Amino acid sequence: MRLNSALDVALGRGAGIRGWGPELQLGPSPPRYLLENHWYQQWKEYVESGDQNSSSFPGHINNSELFEDLESFRLKERLVESEEYVLVPEDVWNKLVSWYGLEHDQPPIERKVVELPSTQKVEVYPVELYLCQHNDLDSPVTAQFSRVNTIDSVLQEARRQFEVPPEDETRLWVKNSDGSCERLRNIHMTVLDACLSMGQVVIMETRNKDGTWPSSRPHAWLTRPCATVASLSCLCSAVCGCSPAAPPHCLCPLLCRRNSVEDEELYRGQPGVCGLTNLGNTCFMNSAFQCLSNVPPLTEYFLNNHYLGELNFSNPLGMKGEIAEAYADLVKQAWSGHHRAIVPRMFKTKVGHFASQFLGYQQHDAQELLSFLLDGLHEDLNRVKRKEYVELRDAAGRPDEEVAEEAWRNHKRRNDSIIVDIFHGLFKSTLVCPACGKVSVTFDPFCYLSVPLPVSQERAMELFFVYMDPSRKPQQHRVVVPKAGKVLDLCLALAKHTGVPAEQMMVADVFSHRFYKLYQVDEALSCILDRDDIFVDVCQQHHPKHKGAALADMGEAPGTRGWGAVSAFSLPRCEVGGRWEGQWGGGAQPYIAIDWDSDMKKRYYDEEEAEGYVKHECMGHVQRRQPVKLRECVELFTTVETLEEENPWYCPTCKRHQLATKKLDLWALPEVLIIHLKRFSYTRLAREKLDTLVEFPIRDLDFSDFIIKPRADVAPAPHKYDLIAVSNHYGSLRDGHCMLGVVPGAAGRE
């Protein structure tokens, strides 16, 4: 056999290859093959002799001296390069095998080149791991992996070894040297980056049919020691957050439900018809989750495990994939058909960890949680691994189509996820400077529409009217007054009911059986809350200079003590229970205080009679509020408004902040549209929840009239929506309950 000179040079160069040699350049490098040194030296002698009939003919490539045995073909430990083996490039190995062949049944010893900081090294000894299943820890299998292999390749090898069906979902745990177990979350991470070392145990866990994981159950592999995984510590701390020092029989409520778990395994219900157990004021969580869970494309995305390949563990704005995984677990359990209700303890723990406002068991807004979930899921599933800097540009007279396309393209350069695909749309924002007329047009993405409710300019107030005649009981009235009105407006409205002139009325706030404050006629009604007890008294003479005095600040007159109930009327001196009480107080308007003798009070003072009152006929007339259409809310959202002083706009032409006019328009709508009704109203003096009834269609909600994007002449895109779910809060700002309504079989956008 004659070898040409070019091949001689190539093979000669192959003899000089070293694991740390200069031949290994940075960048992708082909694998290397181990060649037994004795065979190599014999082959080299044969080639150098030039005699094809030489007795030094090496024969088949034989690497038997490199193996511990010829059954497992396990490589001997501590082999020395150039003494026991040499490394040859892939092309050289292929030539040698084609010329001389390989000893029968011997596998080629292929080794990858591993990139290290500023250099590369041939990985002669791969990482050897023990793979086992969660339900059979005593039967591990050995597998070798390169340090540049990903965790996903370890998972796929484990699935192959244990013949896991393709439809089953699996995940990996690694046992550390201290006996603890840790999830291998990032399947795209390499074995080297995951710090997996020789001889470590990797446990493959398979999801149950009911959507739960075996690690969440007390009778599973978590607490049972075995020959391979000796004294495997309890993973309750990883599953439910209990103390790592908890005994194997940890009494965690999430785990210790063996009987109920077994019952649920036998239960067969309709997938998706599953509630969340209330952990304590967590109705908002159930409401928000059920709304998202009934969005078909999003739920299918998680049920089909498409999220696994898009988990973003390196996003600094994300939650390292933990929110997406926790949400996926909840979805899989809810749609397994094996549960009537599930305990979202792990999900709540994760949410509270990344959003501290949801820690504890206080009441929260379902919309606030929904907003956090959408943002968290987006960042955890963002396909953009490295967000580039994008400079925002103003329209500067360019066509809207060009500016909108540029804005959406820039948005997708930094934000690309299933959440963007389903829920994101595009606004057109127009600002006009009132001074120079500068027009600024930008296009901004949105995830949901927060539309205002048409607010009534009037409010109904309930109060008690007290006559001068002591024989007449106080009378309860309900009057309608302007929201931005004054106390005088309240008196004028009450005068129409009573016939008493407004100038003879005195308005007081009664708190704890005392006059807490007397209101001036020019005070704003906004300072009177709906829960305040308002009494209107009739005075013979009006004393305006005293109508703003707060009785709590007057102190005590000389010779008096805490008298109890105070009345703001002038009365003559009288004898009460054998004691004379006189008038006290400064100024022209006197006040009295009465200290009752206990026996006399029982004899002459009737508490029930004192608390008695009658209702005016106006209390029987219930003011029915007219419902508003959802269309009216959207119209109000797109109405031109003037910016508030707290939020001015900097005009680039005037070089100063201006109270510009602003108008929002809808340019492009998403596949699934979330509409948030802004029911909570906040002012400087008060907060209230708007209980206006909003009517909306269940099918064919048409937004065509609100889309300003020019339509294509051929097959214009429809903008009609069908209702999927409604989250509704019953109650006030301080308390209440979140309820959910789901439309069966809803498919979202038409």
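**View 1. Burial along helix α7 in the predicted model.** In this predicted model, the buried residues of α7 are C283, F284, M285, S287, A288, F289, Q290, C291, L292 and S293. The helix is thus shown as a mostly covered element, with ten of its eleven residues buried. Helix α7, which spans residues 283-293, also supplies at least two residues of the largest nonpolar core, the subject of the next view.

**View 2. The largest nonpolar core and the helices that supply it.** This core has 48 residues, and those with the most contacts inside it are L298, F302, Y327, L369, F372 and F423. At least two core residues come from each of α7 (283-293), α8 (296-303), α9 (322-334), α10 (345-354), α11 (366-380) and α13 (418-423). Of the contributors, α9 gives the most, with eight residues.

**View 3. The surroundings of F423.** F423 is one of the residues with the most contacts inside the largest nonpolar core. When neighbours within four places in sequence are left aside, the residues in contact with F423 are L292, V295, L298, L374, F446, C447, P670, V672 and I674. Among these partners, L292 is a buried residue of α7, and L298 is itself listed with the residues that have the most contacts inside the core.

**View 4. A second nonpolar core.** Separate from the core of the preceding views, a second core of 22 residues includes M461, A493, V500 and V507.

**View 5. H729 in strand β37 and its approach to F284.** H729 has its place in strand β37, which runs over residues 725-731. Because its relative accessible area is 22%, H729 is classed as partly exposed, whereas F284 of α7 is buried. Although H729 and F284 are 445 residues apart in sequence, their C-alpha atoms are 8.5 Å apart in space. Leaving aside neighbours within four places in sequence, the contacts of H729 are with K689, D735, G736, H737 and C738.

**View 6. The salt bridge between R78 and E77.** Side chains of opposite charge can pair when their charged atoms come close. Here R78 forms a salt bridge with E77, and the closest N and O atoms are 3.5 Å apart. R78 counts as exposed because its relative accessibility is 69%, and E77 likewise counts as exposed, at 51% relative accessibility.

**View 7. The salt bridge between D168 and K209.** The closest N and O atoms of the salt bridge between D168 and K209 are 3.4 Å apart. This pair links distant parts of the chain, 41 residues apart, with D168 in the loop between α4 (151-161) and β8 (170-175) and K209 in the loop between β10 (201-206) and α5 (236-239). D168 is buried, with a relative accessible area of 17%, while K209 is exposed, with a relative accessible area of 62%.

**View 8. A salt bridge between strands β16 and β17.** The side chains of R478 and E462 meet in a salt bridge, at 3.0 Å from N to O. R478 lies in β17 (residues 475-482) and E462 in β16 (residues 458-466), so the pair ties together parts of the chain that are 16 residues apart in sequence. R478 counts as partly exposed at 22% relative accessibility, and E462 is also partly exposed, with a relative accessible area of 40%.

**View 9. A network of charged side chains.** E310, R383, K412, D416 and D421 are linked in a network of salt bridges. The count of salt bridges in the model comes to 33.

Terms used:
Residues are numbered from 1 along each chain as its sequence is written. This is a predicted model: local features need pLDDT of at least 70, side-chain atom pairs count only at pLDDT 80 or more; totals for chains, interfaces and linings use all residues. Side-chain values use heavy atoms; hydrogens and water are left out. A nonpolar core is a set of buried Ala, Val, Leu, Ile, Met, Phe, Trp, Tyr and Cys residues joined through side-chain atoms within 4.5 Å. Buried means under 20% relative accessible area, exposed over 50%, partly exposed in between (1.4 Å probe, protein chains only). Helices (H or I, at least four residues) and strands (E, at least two) are DSSP runs, numbered from the N terminus. Contact means heavy atoms within 4.5 Å. A salt bridge is a side-chain nitrogen of Lys or Arg within 4 Å of a carboxyl oxygen of Asp or Glu.
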